Amino acid sequence: MSRRRFLAASLAGGAAVTLAPARKALGAGSFEGYPDGMGVLVDLTRCIGCRSCEAACNREQNLPAPQEPFDDQSVFDQTFHGGTQKRRTDENHLTVVNRYQPEGDQKPVYRKIQCNHCNEPACLTSCFVNAYTKTREGAVIYNSKVCVGCRNCMIACPFNIPAYSYSSVLNPMVKKCIFCYETRLKNGNPPACVEICPQEALTFGHRNDLLKIGRERIRMQPGRYVDQIYGEKEVGGTAWMYLSNVPFEEAGFNTTLQKEPIINNVKDFLSTVPMVLAIWPALFSGFHLLASRKGEHGEDHEHPQQEDLKP
């Protein structure tokens, strides 16, 4: 890249980022996701912990085979950090199922974990180079070509989902569930994990319809379900939502999250200091463009109209 192209790219990046925080801030007060966005309703009462969803995800995303086969249920006994943390998603596992044993209950509860595809994603808000996009279909996708590796998204995510491919020395990138966007969702098809589930624990559809289904199940069987749909309101709502027969905290859910979108905490700040946010991203973007070459990254999830789709 020539010096002239570097300066042009830096200025263009600065202008774009100058406008981006203001647009995000303006949108923060009214944007509540796309009305026709898709989602998945996860019914914990139906999940048997078969891990078929994990296997389907790895096949769909061309991820390597795990160290333990998918029919090995000993993984449910794995804990980390002194027993305080169960398995979590990483660069080779974009979804995992964990087992929980509620107090006073003979039967365990299994919970599938993946990106929840927030209506107003904190990862998108925190990304100063706009590497994330919330699509009209409901997915939150990632473009590694513009990512500078700051990992702000990993800090911002209230569900601790984005992972970093530390194993890749030359081409590290953020890895997370992208709702099978390129291969399925944008064509109107359900993600691979939903399609494979033998228990129909995962229901794919329009988010608004899924909320109606969830409420109806609770109404019809009040003794079976907790009277709450997790994800309906948490951090402004998510595309992936859950029904449970035990209190959500006993299945490992964070029940202390705010109902408002994360961006509401910082929108005043973003609207008052746009220049500070513009100068440094422009420089970082320029240096990143110098160091990058088209086609270096193997996985990208660009959308032809992604700029138009950002909230």
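The second largest pocket of this predicted model holds about 490 Å³ of space. Its lining is made up of 22 residues, and those closest to the centre of the pocket are R111, I113, F159, N160 and G252. When the 22 lining residues are sorted by class, nine are polar, eight are nonpolar and five are charged. Two strands, β2 (96–100) and β3 (109–113), each supply at least two residues of this lining, and β3 gives the most, with three residues.

The cysteines were considered next. A search of the whole structure finds zero disulfides, and C150, accordingly, is in no such bond, the nearest cysteine sulfur being that of C127 at 6.1 Å. Because a disulfide requires two cysteine sulfur atoms within 2.5 Å, the distance of 6.1 Å between the sulfurs of C150 and C127 does not qualify. With regard to solvent, C150 is partly exposed, its relative accessible area being 34%.

For C197, the closest cysteine sulfur belongs to C50 and lies 6.1 Å from the sulfur of C197, which is too far for a bond. The relative accessibility of C197 is 18%, and this residue therefore counts as buried, since the cut-off for burial is under 20% relative accessible area. Of these two cysteines, then, C150 is partly exposed, whereas C197 is buried, and neither takes part in a disulfide, as zero are found in the whole structure.

Terms used: Residues are numbered from 1 along each chain as its sequence is written. This is a predicted model: local features need pLDDT of at least 70, side-chain atom pairs count only at pLDDT 80 or more; totals for chains, interfaces and linings use all residues. Side-chain values use heavy atoms; hydrogens and water are left out. On a 1 Å grid over the protein atoms alone, a cavity is a set of points where a 1.4 Å probe fits but cannot get out, and a pocket is an open set with protein on both sides within 12 Å along at least five of seven lines; lining residues have an atom within 4 Å of a point. Grid points are joined across faces, edges and corners, and a volume is the space filled by probe spheres set on the points. Helices (H or I, at least four residues) and strands (E, at least two) are DSSP runs, numbered from the N terminus. Ala, Val, Leu, Ile, Met, Phe, Trp, Tyr, Cys and Pro count as nonpolar, Asp, Glu, Lys and Arg as charged, and the others, Gly among them, as polar. Buried means under 20% relative accessible area, exposed over 50%, partly exposed in between (1.4 Å probe, protein chains only).
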